[in-house]
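Please open the model in your viewer and keep the sequence panel beside it. The stops below say what to select next and what is found there.

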Amino acid sequence: MQSAAFQPDLRSAHAHWLTRTQIAWPADALPGGFAPASLDWRLHFSPTGGIDPRAAEPVAWGTATLRFDPHGLPTPTLTRHPHLRGHLLLRLDPGTASRAEEILRGQVAVSAHQHSGRMIHATGLQIPGVLDDLYPAAERAQLGVTWSDGQPTFRLWAPTASRVRLVIWPAHDHADHPGDYHELTREPDGCWSIAGRPEWKGCRYRYQVKVFAPHVQRVVNHQVTDPYAVGLTVNSTHGLVLDLSDPALAPAQWLSAAPPRLGHPVDQVIYELHVRDFSISDKTVPAEERGSFLAFARNGHGTRHLRRLARAGLNTVQLLPVFDNATVEEHPDRQRPASKDSLRALPPDSPEQQRVVSSSAASSGFNWGYDPLHYQAPEGSFCATHASADGAGRVTEFRTMVGALHGLGLRVVLDQVFNHTASSGQNTKSILDRIVPGYYHRLNLAGEIETSSCCPNVATEHRMAQKLMVDSCVLWARQYKIDGFRFDLMGHHSRTNMLAVRAALDALTRAKDGVDGRSITLYGEGWSFGEVAGNARFVQASQGQLGGTSIGTFSDRLRDAVRGGGAFEADPRVQGFGTGLLTADNWTGASGDPVRQRERLLWAADLVQLGLAGNLRGFEFNSAALSRVVRGDEVAYHGAGAGYADQPDEVISYVDAHDNETLFDALTLKLPRATTMGERVRMNTLCLAFATLGQSPVMWHAGTDILRSKSLDRNSYNSGDWFNFLDFSLTANGFGAGLPPQRDNGHHWELLAPMLADPALKPLPGDLRDAHAQALDLLRLRASTRLFRLASADQVKAKVTFPASGTWQQIPGVITMRIDDGEGVAVDDLYAGLVVVFNGTPHAVHQALELSGEFVLHPIQAKARDPLVRQAAWVGGAFRVPGRTVAVFVEPR
């Protein structure tokens, strides 16, 4: 492979220093014809860099002989690093190994030589493994700023640094103040610390870290903010010395208001909401507070909307990222949206709106926020004023929001993004990688940072990266009274990571910490892809691998079956069970011919039925597609078993989220153009019903209950307030705001433009009110009986059946679910059972079933605002249900 003129590039790192005594070398990195045992192996180390493995002795840096071990990597080492299977094992001599801590405070490299001295290969070293091996005690360190009797202590983990200083600025001095420098003391666990002074409270601070950075091949001496900072100045230039237990930072309502208590995690009904979306267009909120945390404490349209939802049965608000992010400018001028008058005057299918929005995206004040900078401080762009973003106001205003939501009877869940950082290396938006270069990010076999998340991936399998994850969750729970966490790309974390978070939260008690950690819920995106797919590096926290943990994963099975297609479908017009597949063909050809559509419809019916039963792997039912009894894990889903949960709380059911098109937009794309708006409203309700009336926790995207549209934008993360419009006054839904941004939608503009230009596809305020009323009834139905929220797999298996599925009574486009409380232990005092008929067809159906007992329409639907659902009835052994309707029938005791 290498020639005699091989030039080593020590910025690459093909070798891995795994423990004090073990280094792994890739077997395929040696040129052909060289046996590992026939070579001389050397470790090179220098506190200042400048290593050239080709140089002959004597050299200006340290070297040590490594011994090739033909037995290979030991089993315990391979268990921790399975992706290194097949690597060679090189061992350090005891004397060199004893100096590992010192050696790692500089450049390190490994080289292979012939006995003649000729170098045939050399590479840098990946060092996370050995750092974890050397510094296990650091997991117990109290990092950041901690307080004792009014005195702060500063502690930073920087084991490879040669010097760390604290730079302190007085709280109100000008930015050009040079700062006061204070030396930190190195501790045995790799931390550096200093005891501060009481008068430093409220001051600004940063760390000056001197460390060798492999990616630039030199020692750098730079200032960085504290990754454990709990307070920040505007735009996160400095940390703030804050004591979160200071009574001055505790708003009264935050102290007094208590969130609703769940009887069981399956009781979760979640509303996914972006802080800025909530109020930026709400004229009933004071202008300076629109788009801010404080808007939740005002009696505006949004707060009234949440109150209605909470009274109907919503119990949780999930906030898109609210930690400090690297993208949104926090200057107050950036927080107010530009005038929309000129955009409103443009045609609904014009490309001009997206051009204007895209040209100012970087300064718009809008972003979803999935680009972490500081994990333990609130985002300053959500503060009402410059002063609050520049001081402790981030804390008090965030706590005000939490207290207001608790006062509405809503739990608060935070969206956490520990799978990646916004940047890496020497970038000014890089923090972790400038403190311990090469440690916090997951590296490929060449030492390059993995980016399968579309950003630098964080390696939470490393001890201190997991600690940051655990410590951050504990801080938000203890210091902000957060009730749950949603984990972005959770499958990029390990099951061990999630269990560590769970254990740390479970240890929190009301008496000691002010919160009951056992009541905090955890769930996330359990997708498996990228370099960790298939448990390549660890057992992932992915779908089907969290059994018995009560940690939930979002189910794409139900979502795709209801909507049609998948998240990355080439043609967005592919139909699903809730969007007219076979029963209301859109005649685009996207879903195939009628034979193919019927096959897809029966398969979708199986996925939906399984989803209604908690997506349990062991749930047995008569398959609509196969006309025989199958287990959940026997239903096919893109090469895997569809059923993957052991318990119903291990799944989150949903049909739309912030990603991809909103439910209304999906219906616009998939339903026949001639479908009336009234029918579209009913299909919106029907799709929501599939998620809401199932046995798992359910999540709604904010505004899905009022037909929210993003003008067909499939990825609105940076599309500004214009395309992310959310109007809780129920006046408009955002449809027809122009062609969505070309960045992610331009290849479909020819398809989208005629739809946006069609006035019949834009709902009127009355349509929004109808949709909201029907959605409220779904919440009331779920809340009315424990039968929609069975708490265990055993109960689901005993009580839930689909009596028409796979029989002559099955009607294409219709699902009938029976929940019989006469089976197993009774859970409802009022009803002996329920029958739910989901009619996705345009026509009324008579669903015949051989059932004993008498059934009546649920009292909530008997007095519903929707006149059609009031016509549903049990007549002569059959359920009569209007088209595009979900009807719930009860069997009174």
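Begin by selecting arginine 118, which sits in the loop between strand S6 (107-113) and strand S7 (119-126); helices (H or I, at least four residues) and strands (E, at least two) are DSSP runs numbered from the N terminus. This is a predicted model, in which local features need pLDDT of at least 70 and side-chain atom pairs count only at pLDDT 80 or more, while totals for chains, interfaces and linings use all residues. Residues are numbered from 1 along each chain as its sequence is written, and side-chain values use heavy atoms, with hydrogens and water left out.

Arginine 118 has a relative accessible area of 32% and is therefore partly exposed, a class that lies between buried (under 20% relative accessible area) and exposed (over 50%), computed with a 1.4 Å probe and protein chains only. Show side chains here, and you will find that of arginine 118 in a polar contact with the side chain of glutamine 114, at 2.6 Å. A polar contact is a pair of N or O atoms within 3.5 Å; within protein, one must be able to donate a hydrogen and the other to accept it, and residues adjacent in sequence count only if both atoms are side-chain atoms. If you add glycine 407 to the selection, its C-alpha lies 74 Å from that of arginine 118, with their positions 289 residues apart in sequence.

Next, select glutamine 208, which belongs to strand S14 (residues 204-213). Is this residue, glutamine 208, buried or exposed? Its relative accessibility is 10%, so glutamine 208 counts as buried. The side chain of glutamine 208 makes a polar contact with the side chain of glutamine 223 at 3.2 Å. Setting aside neighbours within four places in sequence, the residues in contact with glutamine 208 include Arg163, Tyr181 and His222, where contact means heavy atoms within 4.5 Å.

Move on to strand S17 (residues 269-273), where five of the five residues are buried, so the strand is largely enclosed by the rest of the structure. Colour Val269, Tyr271 and Leu273 on one side and Ile270 and Glu272 on the other, and you will see that both faces of S17 are covered. In a regular strand the side chains alternate between the two faces of the sheet.

Which strands pair with S17? Strand S30 (residues 698-701) pairs with S17 in the parallel sense over four bridges, and strand S18 (residues 316-319) also runs parallel to S17, joined to it by four bridges; two strands pair if DSSP finds at least two bridges between them. Glutamate 272 makes a convenient marker, since its bridge partner in S30 is histidine 701, while in S18 glutamate 272 stands opposite glutamine 318.

From S17, go to valine 275, which is placed in helix H6 (residues 275-279) and is buried, with a relative accessible area of 1%. Valine 322 is 47 residues away along the chain, yet its C-alpha atom is separated from that of valine 275 by 7.8 Å. Valine 322 is also one of the residues in contact with valine 275, among them Phe293, Leu319 and Met401, when neighbours within four places in sequence are left aside.

Now select helix H7 (residues 301-312), whose 12 residues reach 17 Å from first C-alpha to last, close to the 16 Å expected at 1.5 Å a residue; the expected span is 1.5 Å times one less than the number of residues. The buried residues of H7 include His305, Leu306 and Leu309, and its buried residues pack against S17, H6, S18, helix H11 (393-407), S30 and helix H23 (765-784). After H7 comes glycine 313, with a positive phi near 145 degrees.

The last residue to select is serine 709, in the loop between S30 and helix H20 (720-723). Serine 709 counts as buried, at 0% relative accessibility, and its side chain reaches the backbone nitrogen of serine 711 at 2.9 Å.

Finally, zoom out to the chain, whose secondary structure comes to 25 helices and 38 strands. Of its 893 residues, 62% count as buried, and the C-alpha atoms fill a box of roughly 100 × 65 × 55 Å along the principal axes.
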